[in-house]
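Please open the model in your viewer and keep the selection tool at hand, as this tour moves from one selection to the next.

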Amino acid sequence: MAPGNLTWVTEFILMGITDLPELQVPLFFVFLVIYGLAVVGNLGTIILTSVDSRLQTPMYFFLQHLAITNLGNSTTIAPKMLVNFLAKKKTISYYCCAAQLGGFLVFMVKKIFILVTMAYDRYVTICNPLLYMVVVSRQICLLLISLIYLYSLTIALTVSSCVFSVSYCSSNVIKHFYCDNVPLLALPGSDTYGPEIAALTFSGINLFFSMIIVLISYFNIILAILRIQSSKGRQKAFSTCASHMIVVTVFYGTLLFMYLQPRTNHSLGTDKTDSVFYTLVIPMLNPLIYSLRNKDVKNALKRFLNNPCKSLKLM
């Protein structure tokens, strides 16, 4: 029983993207289309990289897991958001909120470090092509992915436990469209200093070290490309990592824009826009970026569409 007149929270109210009634239905259809495209694109990538024998390389192995992560990330957020656009009571239970935060953190941390492994894969391809199948062997790929899954799960459980160790009371209105640690810790409750420091520390460490590895990888890649004598060779080398560079730039650019803003310029609307971008829009764009700029993926799609039964039998 709660001491005094305090009532401990058993459910939360999600404010959503906007509280304007006339925008709820239009936004429902906009985000339904975005989520639908994200599901189709990422599911298509997963199927193609599973069934096509010509896509059984380390690069496409990591691309497959990036697609799984994108699909998981958007599915953790979008269904509840879509329901709330049409619901009168925009609530989420205490335990569902904890599960949503945990799922979001798992997929975000996984995405960060899968992008790191993809940068390392491109670095080895350009800078050490003769050692590629040794340095990025099937066993090493499986080990890297296993470590990423284990690490992301550990971080998610640690941060979620810290956030939900706070005893929330009085207000239960989350000024966001999903359960994120920042708006949760802004609610009235017991001391939030420890959980805030823990969440900020883990976010900062993951972002900083992953960015350092990506920047070092691409610095060496650019140096290696510039040393190539022929323009055709430079173009071919650049094309192998162009898609990944675009994805990394968009993803890290969004995160840096959100985290490096001065507090005086910080607003709830900006946070929601950034969150929409990296939880829903980027997972929708990634399959398009990789497929439109990649002949192997386009050819694999053509082979699959021409004879899907034959392709599925190879699974």
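Begin by selecting F31 in this predicted model, and then add the residues that F31 touches, leaving aside those up to four places away in sequence: I17, M81, L82, F85, V276 and L280. F31 also belongs to a wider group, being among the residues with the most contacts inside the largest nonpolar core, together with F12, Y168, L184 and Y252. That core has 87 residues, and α3 gives the most to it, with 17 residues.

Next, select T45, which is found in helix α1, spanning residues 21–51. Is T45 buried or exposed? With a relative accessible area of 14%, T45 is buried, because the value falls under the 20% cut-off. Beyond residues up to four places away in sequence, T45 touches L63, A67 and P287.

Now turn to the second largest pocket, which has a volume of about 620 Å³. Of the 26 residues that line this pocket, select M59, Y60, S239, T240 and N294, since these are the closest to its centre. To follow the lining outwards, colour the helices α2 (58–86), α3 (94–127), α8 (231–259), α9 (268–292) and α10 (295–306), each of which supplies at least two residues of the lining. Which helix gives the most to the lining of the second largest pocket? It is α8, with 10 residues. If you finally colour the lining by class, you should find 10 nonpolar, 8 polar and 8 charged residues.

How values were computed. Residues numbered from 1 in each chain as written. Predicted model: local features only at pLDDT ≥ 70, side-chain atom pairs only at ≥ 80, totals over all residues. Heavy atoms only, no water. Helix = DSSP H or I, 4+ residues; strand = E, 2+ residues; numbered from the N terminus. Buried < 20%, exposed > 50% of the residue type's maximum accessible area, 1.4 Å probe, protein only. Contact = heavy atoms within 4.5 Å. 1 Å grid on protein atoms, 1.4 Å probe; cavity = no way out; pocket = protein on both sides within 12 Å on 5 of 7 lines; lining within 4 Å. Points joined across faces, edges and corners; volume = space filled by probe spheres on them. Nonpolar A, V, L, I, M, F, W, Y, C, P; charged D, E, K, R; others polar. Core = buried A, V, L, I, M, F, W, Y, C linked by side-chain atoms within 4.5 Å.
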